[in-house]
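Please walk me through this structure in the viewer. Tell me what to select at each stop and what is there.

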Amino acid sequence: NAMFSWQRTAFHFQPQKNWMNDPDGPLFHMGWYHLFYQYNPDSAVWGNITWGHAVSRDMIHWLYLPIAMLPNKWYDINGVWTGSATVLPDGKILMLYTGDTNKYVQVQNLAYPANLSDPLLLDWVKYTGNPILVPPPGIGSKDFRDPTTGWIGPDEKWRVAIGSKKGKTGLSLVYTTIDFINFEQNDHYLHAVPGTGMWECLDFYPVSINGSKGLDTSVNGPYVKHVLKASLDDARVDSYALGTYFVENDTWVPDNPLKDVGIGLLLDYGRYYASKTFYDKENERRILWGWVNETDIESDDLRKGWASLQTIPRTVLFDNKTGSNLLLWPVEEVESLRLSSDEFEGVVVKPGSVVPLNISLATQLDIFAEFEIEWLNSESIGESNIGCGRGGAADRSAFGPFGLLAIADDSLSEQTPIYFRLSNTTTFFCVDETRSSKASDVAKPIYGSQVPILSDEKLSMRVLVDHSIIESFAQGGRTVITSRIYPTEAIYGAARLFVFNNATDINIKISLKIWQLNSAFIRPFPFDQNQ
Ligand code: DQQ
C-alpha cells in the first residue's frame, strides 16, 4: 500500500508483511546469526502465532527463511509462543518455548534442529514427549510462560527460569534439569516483587563488573553481577535490576531494593517490549533484541499490511562508572551502513532558538552529538525536578529543554525533539512525540527518564533515525528511548534535522557528526519464496 510506504524502515528488521512481536531464541550458528520471532503469517494483527525465522551475517542485512515452527500440535495449537535457545557445550541447540494448548493452557515445550550441520537451521523437530512442563500447583494455567536460556551450576544441573504471578506479585520460577526433558521445580522463587503483575519474557544473565566483554549465561563469580529483566504485562515495559545470584539456592537479590525489578530501571523508556539477550561467543558480547510495536490504530496496520519492528540489536555492558545501570549501545555492525558524513563544530544555539543543519537527507541517519553549556546568568538556580516537562520540548525553563529536532519538516509543523532538560539536581533525557505527526489517530507520548551524568562528562547523545523509528541513547547508553513515529509531511526528501534550545538561562554549543546511513539488504531466501 503506497499510502503508508514511507513508514517502512530502511535498515530495521521487520517482516515483509503481516504481524510480528517478541524476538525468540536468538543464537549464532556456523557463521550465521539467527533471529526467530512471534509471527502471524495471515494478518497484520496478533494471532495464529508461529516462529518466523531470518538469518544474517552481521545482524543488519537479513534473509527471511521459511517459518521455523507452526502451531500444529495439541500442545501449541493456539500458538507457538515465546522461548529461548540454549547452546550446550557440545554444540547441540535446544529451544524451549511456550505452547498455548488446545485447552488454552500455557505449557513449555522442547524443540531442536533436525540437522545441526545445516548453517541455516531450516528444519525444527518438536520433541515427541512434549509438553515437558505444565503449570505447577498454585500457578494459573495462563500465567506460566516464556522460558529463559538455560544456565548450568557447579552441580552440573541446568536451570531455566519461567515468568509467572500470584495475585499481583510478579515472580520467577526456577526448574533444574540434566537432560531438558525431566525437570524439577525449586521450592522457592528466583525472585518475586509484589504489585508488579505478570512477568513475561524473563531474561537472566551475568555482566562483568570491570570488563568490556559480555559473559556467557552460566558464568558466575566475584567479578560478576546478575541482571534480572521482566517484561511487565500490566505496564508494558521492560524493567531490569542489577543484583547478586546465589547459585546454592537459586535466588537473586537486588543491589538496591528501591530499584528492584518492576519498580526500578527500564531497558528502554520508549516503545519497547519483550526483549531478550543472547551471548555471541564469536565476538564475546551479549546482545539484546527488543520488539517495537506500532502506536497507530489496528485498522491502519491492516491497511498497510504489516505491523512492528525490532530495534537494531544492542550490546549490553555493566556501567562501571556509575555502578548502578547497564550500558546499551547499537552493535558496531550498524556502522557498516555509514555513507557520507557532515560535521558541525560548536554550533551556538541561543535561548529560544532553532538552527537548521544543512545535510542532504534526514531520514536515515546515525547522529552523534555533544553539548557544552554556557551559563548566562550566574544568579540562576534552575528549578526542582520536573522531569521531561509538562509541555515537553515546548516548555521553557532555566536549563532546558535543548537538543535535536529529528524528522521535522521545513516549517516545523512536524518534529520529534530528542532533548536534555536539567533541573538543579538531575538531568533528564526525553523524546517528545506530541508533534511527531499530523495524523490524529496515533499515540504521541512524551517519553523520558533521568540520566546519570558524572562531573567530568559532557552531555552526549547518539540517535539512529530510520523513517518511522528513532532510537536515542544518552551518555553512552545509560538511558535509551525508542520512538515509533508516523510523519505525514516530514517524509523522504522533505525531512530535515534541526538543533534547538528552549532554555532561558543557558547557551548551548553543539558539536555533531552525522552520517547518512545506507539501506540494509533484507530479502526472502530462497528468493522466490512467498512468505
Ligand atoms: N508474547 C508471547 C508470549 C509473551 C508475550 C505471545 C509477550 O509468550 O508472554 O505472542 O509479548
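**Where the two domains touch**

Begin with the contact between the domains: 32 residues of domain 1 are in contact with 34 residues of domain 2. The model is a predicted one. To find the two parts, colour residues 2–330 as domain 1 and residues 333–517 as domain 2. Their C-alpha centres lie 31 Å apart.

Now select strand E24, residues 326–330. With four residues, E24 gives the most to the side of domain 1 that touches domain 2. By class, that side of domain 1 has 16 nonpolar, eight polar and eight charged residues.

**Next to E24: strand E23**

Keep E24 in view and add strand E23, residues 314–318. The two strands run antiparallel and are joined by five bridges. For one example, show Thr315, whose bridge partner in E24 is Trp329.

Is E23 enclosed or open? Five of its five residues are buried, so E23 is largely enclosed by the rest of the structure. Show its side chains to see how the two faces divide: Arg314, Val316 and Phe318 lie on one side, with Thr315 and Leu317 on the other, and both faces are covered. As a rule, side chains in a regular strand alternate between the two faces of the sheet.

Then add strand E20, residues 285–292, which runs antiparallel to E23 and is joined to it by two bridges. Here Leu288 stands opposite Arg314.

**The ligand**

Centre the view on the ligand. Which residues come nearest to it? Of the 14 residues around the ligand, the nearest are Gln38, Trp81, Thr82, Glu200 and Ala274. By class, the shell has five nonpolar, five polar and four charged residues.

To see where the shell comes from, select four strands: E1 (18–29), E5 (80–87), E14 (199–208) and E19 (273–280). Each of them supplies at least two residues of the shell. Leave E5 selected for the next stop.

**The sheet that starts at E5**

E5 belongs to an open sheet of four strands in the order E5-E6-E7-E8, with antiparallel pairing. The edge strands, which pair on one side only, are E5 and E8 (124–126). From one strand to the next, the twist averages 30 degrees.

How many residues of E5 are buried? Seven of its eight residues are, and the strand is described as mostly covered.

Follow the chain from E5 into E6, residues 93–100. E5 and E6 form a hairpin with five residues between them. In the turn, pick Gly91, which has a positive phi of about 95 degrees. The two strands pair in the antiparallel sense over six bridges, and one pair to show is Val87 with its bridge partner Ile93 in E6.

On to strand E7, residues 106–113, which runs antiparallel to E6 and is joined to it by six bridges. Met95 has Ala111 of E7 as its bridge partner.

**Across to the six-stranded sheet**

Move to the sheet in the order E26-E35-E28-E29-E30-E31, an open one of six strands with antiparallel pairing. Its edge strands are E26 (353–356) and E31 (446–450), each pairing on one side only. Here the twist averages 20 degrees from one strand to the next.

Within this sheet, select E29, residues 416–422, and E30, residues 427–432. Five bridges hold this antiparallel pair together in the assignment. Tyr419 stands opposite Cys430 in E30.

**Last stop: Gly400**

Select Gly400, in the loop between strand E27 (364–375) and strand E28 (402–408). Why does Gly400 count as buried? Because it has 29 C-beta neighbours inside 10 Å, and the cut-off for a buried residue is 20 or more.

Now show what Gly400 touches beyond residues up to four places away in sequence: Tyr419, Phe420, Arg421, Leu422, Asn502 and Ala503. Tyr419 is the residue from the previous stop that stands opposite Cys430.

Finally, draw a distance from the C-alpha atom of Gly400 to that of Gly352. The two atoms are separated by 9.9 Å, while the residues are 48 apart along the chain.

Conventions
Residues are numbered from 1 along each chain as its sequence is written. This is a predicted model: local features need pLDDT of at least 70, side-chain atom pairs count only at pLDDT 80 or more; totals for chains, interfaces and linings use all residues. A residue is near a molecule or strand if its C-beta atom, placed from the backbone, lies within 6 Å of it. Ala, Val, Leu, Ile, Met, Phe, Trp, Tyr, Cys and Pro count as nonpolar, Asp, Glu, Lys and Arg as charged, and the others, Gly among them, as polar. Two strands pair if DSSP finds at least two bridges between them. Axes are lines fitted to C-alpha atoms, for helices over the stretch in contact, and angles run from 0 to 180 degrees between N-to-C directions. A residue is buried if 20 or more other C-beta atoms lie within 10 Å of its own, exposed if 12 or fewer, and partly exposed in between; C-beta atoms are placed from the backbone. Domain bounds come from an automatic or database domain assignment. Two residues are in contact if their C-beta atoms, placed from the backbone, lie within 7 Å.
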